[in-house]
Amino acid sequence: TAQTPPIRYTTTLSIGFPTAIPQEVDIVDNLLYQNEMYANIHYPARYSDELIQHYRNGDPGYVDTKWMDEVLRDHSFQQNHSLSISGGTQQTQYYLSTRFNQDNGIYKGDGLGYNAFNFQGNVTTKVNDNLTVVYQSSFDTNRRLGMSTNNSESNFFYYVAYSERIMAPTVYGNPSHYTYASGEHWNPVAILDIDTMGYSKTAMHNYNNSLDFKYDAPFLKGLTLDAFASFNVSQRQTNVLDKSMSVYDYWTDEVIEAAKGTSQYAENWNKTMSLYGKLQANYNKRWENHNLSTMLAAETRIGWNKSIGGNVKYNDFFTHDTINQGVASTGTTSGTRSDSATAGYLGRIAYDYQGKYLVELTGRYDATYVYAPGHRWGFFPAYSLGWRISDEPFFKRIFPWINNFKIRWSDGLT
């Protein structure tokens, strides 16, 4: 009889904090230390006494920018929610669950982060006393939004550390213009602004299904037959937009470098499908001190893979992040398509006497599409011999503190 199905909900809320953030000295001391460092290598002072005096006075516009504070939140937030329901009768049982995960990350850029959704379920039904059918299905999708590839994340904190503390992220009196920030003219705050410098998006989707028939043969005790099939689809899409930008002098708002970086857009798509099938028979028999286990199986796997991609650059004027909005003469395309297939027959015979003396013989007759016709099949035998010496009376007398000790020899062809 059916019972009220239990429903379970769990949630995990997490807050993370950045660790090992360097403590910076006062801005005046920082400028004096840098001048001292330059003097030690016989270079002129980097910062004038007049500039240092402005900072002593706290004059307007003379900022002390903590670049770590500009690009990192004081904490990150993650949330994970899951909901499941299970139930059924003695004949049929089911389980359904869904999960949502979100991580906004530690960067201050709008929208940067990761989120994922998953659904899975299975149904098990006992058709009769001998036949059981199990169906499983799952779907998951995740999306990630990161900074553009004009600046890889591995270089990002280098630019943070290299940026001038005496310069704000934006021009004094004009917050719509980003400053050049450092000698390399990469402004970390601008890098995190996806409207200014672009983005890197990745979306992945996976769909998995399997069906399993398990049959306990009534005509021969110890014989079980199994037929299993699965079909899986995976898809990945990446969209990368890089935008050039101009950087300006903090005080004068004059252009220091126009069109920093390259304006370009790339889109890549990949889809993989696989079909797998397996037929297997197992037979197990135990009598007196003897134990016999055998297995015969046949399996095959077929795979399909497709990918396509395009890249295009823009002139000085950026329009939209689509391939056909760029300059056609700069466009490049790529694409691949491939199929694969493998098949095999396998068998195993395992015998032991009193659980002490063990023999196992295995063999596989496999084929792969990699080789030319006429050379695709190969036979790969193997054997193993074992002796659980810890069960011998003499061993127990000599080494009573050892519970399990086995000597095993194996050899095979791969």
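**A walk through the predicted chain**

Let's start with the chain as a whole: of its 414 residues, 32% are buried. Keep in mind as you look around that this is a predicted model. The fold is built from seven helices and 17 strands. Its C-alpha trace extends over about 100 × 65 × 60 Å along the principal axes. How does the radius of gyration of the protein chain stand beside that of a compact globule of 414 residues? Such a globule would come out near 22 Å, whereas the protein chain has 33 Å. Turning to contacts, take those with a separation of 6 or more: 64% of them join residues 24 or more positions apart.

Now zoom in on a pair of helices. Two packed helices are described by the angle between their axes and the distance between the axes. Here the pair is helix H1, residues 27–40, and helix H2, residues 49–57; their axes come within 9 Å and cross at roughly 165°. Angles over 145 degrees count as roughly antiparallel, so that is how H1 and H2 are arranged relative to each other. Their crossing is left-handed.

Which residues bring H1 and H2 into contact? On the H1 side you will find Ile 27, Val 28, Leu 31, Leu 32 and Asn 35, and they meet Ile 52, Tyr 55 and Arg 56 of H2. By character, the residues of this contact divide into six nonpolar, one polar and one charged. If you would like to sort them yourself, Tyr is counted among the nonpolar residues and Arg among the charged ones, while Asn falls in the polar group.

Two spots further along the chain deserve a look at their backbone. At Ala 259, phi is near 55°, a positive value in a residue that is not glycine. Ala 259 sits in strand E11, which covers residues 255–260. Is Ala 259 buried, exposed or partly exposed? Its relative accessibility is 42%, so Ala 259 counts as partly exposed; the partly exposed class lies between the 20% and 50% limits.

The second spot is Glu 288, another residue other than glycine, with a positive phi of about 50°. Where does Glu 288 lie? Look in the loop that links strand E12 (264–287) to strand E13 (290–313). With a relative accessible area of 72%, Glu 288 is exposed, because the exposed class takes in values over 50%. To put the two spots together, Ala 259 belongs to a strand, whereas Glu 288 belongs to a loop.

Key
Residues are numbered from 1 along each chain as its sequence is written. This is a predicted model: local features need pLDDT of at least 70, side-chain atom pairs count only at pLDDT 80 or more; totals for chains, interfaces and linings use all residues. Side-chain values use heavy atoms; hydrogens and water are left out. Axes are lines fitted to C-alpha atoms, for helices over the stretch in contact, and angles run from 0 to 180 degrees between N-to-C directions. Helices (H or I, at least four residues) and strands (E, at least two) are DSSP runs, numbered from the N terminus. Angles under 35 degrees count as roughly parallel, over 145 as roughly antiparallel, 65 to 115 as roughly perpendicular and the rest as oblique. A crossing is left-handed if the near helix is turned anticlockwise from the far one by less than a right angle, and right-handed if clockwise. Contact means heavy atoms within 4.5 Å. Buried means under 20% relative accessible area, exposed over 50%, partly exposed in between (1.4 Å probe, protein chains only). The radius of gyration is taken over C-alpha atoms; the globule rule is 2.2 Å times the number of residues to the power 0.38.
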